[in-house]
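Hi,

Here is the structure I promised to pass on. Have a look at it first, and then read my notes underneath.

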There are 2 protein chains.
Amino acid sequence: MHDHSGLIHSAEAHAADEGALKKLSALFKVFGDLTRMRILYALSSTEMCVCAISEYLKMDQSAVSHQLRVLKNHRLVASRREGKTVYYRLDDDHVGSIIRQGYEHVSEAE
Amino acid sequence: MHDHSGLIHSAEAHAADEGALKKLSALFKVFGDLTRMRILYALSSTEMCVCAISEYLKMDQSAVSHQLRVLKNHRLVASRREGKTVYYRLDDDHVGSIIRQGYEHVSEAE
DNA sequence: CTATTATATGAACAACAATTCATATGAACG
DNA sequence: CGTTCATATGAATTGTTGTTCATATAATAG
């Protein structure tokens with residue numbers, strides 16, 4: 001094996017704590033699903049009830065509920081109840097920023 | 001079913017093209033893995049060869065190679081060859097920005 | 001050409017995650 | 001209370017993805 005202790009030390013010097021990287025990848029994993037991304041995008045214009053989301057996305061109400069729970073667990077969306085209806089909305093200023101940064105990357109020339 | 005055509009129209013009004021959302025979620029999916037996140041973080045301080053990365057992360061060389069390919073396919077890293085050795089580095093200004101935005105989210109008070 | 005070192009790749013396997021289906025909870029109303 | 005509508009949840013299933021193992025390519029030296 002060739003020597004590269006220099007590079008490794010350099011990397012270790014600013015070693016991030018594993019915990020932060022774990023949280024980070026877990027967060028991005030939530031964004032890394034088309035269904036959830038579509039939900040987030042839908043909510044970026046207005047709050048919506050579960051019923052409306054599933055109708056809009058033409059998806060099973062149950063599937064949407066499951067994904068909303070994931071989003072909520074990661075504090076990306078919040079909800080309020082009004083009678084039988086539950087309205088969801090984006091719950092963090094960063095949500096928009098993160099998506100926008102990603103968008104800049106994917107929209108670059110091939 | 002209760003009526004919410006208003007909400008749906010509002011969402012449809014600014015409807016993103018499905019393609020962009022697909023690309024977006026695919027991009028975030030790449031960030032959504034601890035191994036890849038660790039590689040990206042390691043490379044944020046300096047370029048490294050595959051050998052050094054796998055030693056630093058204490059991972060199989062093959063596993064690292066596989067993940068580097070994923071990262072490269074999404075243009076998140078680039079490589080240069082020097083003899084037998086291949087050095088990888090980050091390949092987009094957005095990579096850092098995206099990770100930083102995510103970091104702000106996860107580092108918020110519980 | 002052969003041997004050696006660094007990296008890449010294909011196939012198989014194991015772990016995980018998204019959807020579906022059935023059913024449960026929770027609110028409003030008669 | 002019983003019914004209806006909106007949402008939530010658990011279990012089963014199916015699809016996807018990361019790692020491992022074996023092997024291939026690529027470069028350099030002898």
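Below is what I found, starting with how the chains are arranged and then moving on to the DNA.

Please keep in mind that this is a predicted model.

**The two copies**

Start with chains A and B. A turn of 180 degrees and a shift of 0.0 Å along the axis lay chain A on chain B, with an RMSD of 0.0 Å. The two copies are therefore related as by a two-fold rotation axis. As for how they meet, 100% of the interface residues of chain A are also interface residues in chain B, so the copies come together through the same surface.

**DNA strand D**

Next, take a look at DNA strand D. There are 27 residues around the strand, and those that come nearest are S62(A), Y88(A), H2(B), R36(B) and S62(B). Which part of the strand does the protein approach, sugar and phosphate or bases? Of the strand D atoms within 4 Å of the protein, 64% belong to sugar or phosphate, and the rest belong to bases.

Three side chains of chain B are worth clicking on here. R36(B) has a side-chain N or O atom 2.6 Å from a phosphate oxygen of strand D. For T35(B), a polar side-chain atom lies 2.7 Å from a phosphate oxygen of the strand. With K29(B), the distance from a side-chain N or O atom to a phosphate oxygen of strand D is 3.2 Å.

If you prefer to think in elements, several of them give two or more residues to the surface near strand D: α4 (50-57), α5 (61-73) and β3 (85-90) from chain A, along with α3 (34-43) and α5 (61-73) from chain B. The largest share is that of α5(A), with 5 residues. By residue type, the surface near strand D divides into 8 nonpolar, 11 polar and 8 charged.

**Helix α3 in chain A**

Now over to helix α3 (residues 34-43) of chain A. How many of its 10 residues are buried? The count is 8, so the helix is mostly covered, taking buried as under 20% relative accessible area. The buried ones are T35(A), R36(A), M37(A), R38(A), I39(A), L40(A), A42(A) and L43(A). Look at the start of this helix too: a side-chain oxygen of D33(A) reaches to within 3.1 Å of the backbone nitrogen of T35(A).

**The sheet in chain B**

Chain B has an open sheet of 3 strands, in the order β1-β3-β2, with antiparallel pairing. Its edge strands are β1 (48-49) and β2 (77-82), each of which pairs on one side only. Between β1(B) and β3 (residues 85-90) of chain B, which run antiparallel, there are 2 bridges. If you want a spot to zoom in on, C49(B) stands opposite Y87(B) in β3(B).

**An oddity at K58**

One last thing, which turns up in both chains. K58(A) is not a glycine, yet it has a positive phi of about 55 degrees. You'll find K58(A) in the loop between α4 and α5 of chain A. Is K58(A) buried or exposed? Its relative accessibility is 74%, so K58(A) counts as exposed.

In chain B, K58(B) also has a positive phi of about 55 degrees without being a glycine. K58(B) sits in the loop between α4 (50-57) and α5 of chain B, and K58(B) is exposed, with a relative accessible area of 74%.

Happy browsing!

Terms used: Residues numbered from 1 in each chain as written. Chains lettered and ligands numbered in written order. Predicted model: local features only at pLDDT ≥ 70, side-chain atom pairs only at ≥ 80, totals over all residues. Heavy atoms only, no water. Near = heavy atom within 4 Å. Polar contact = N/O pair within 3.5 Å; in protein donor to acceptor, adjacent residues only side chain to side chain. Helix = DSSP H or I, 4+ residues; strand = E, 2+ residues; numbered from the N terminus. Nonpolar A, V, L, I, M, F, W, Y, C, P; charged D, E, K, R; others polar. Least-squares fit on C-alpha atoms with pLDDT ≥ 70 in both. Contact = heavy atoms within 4.5 Å. Buried < 20%, exposed > 50% of the residue type's maximum accessible area, 1.4 Å probe, protein only. Pairing = 2+ DSSP bridges.
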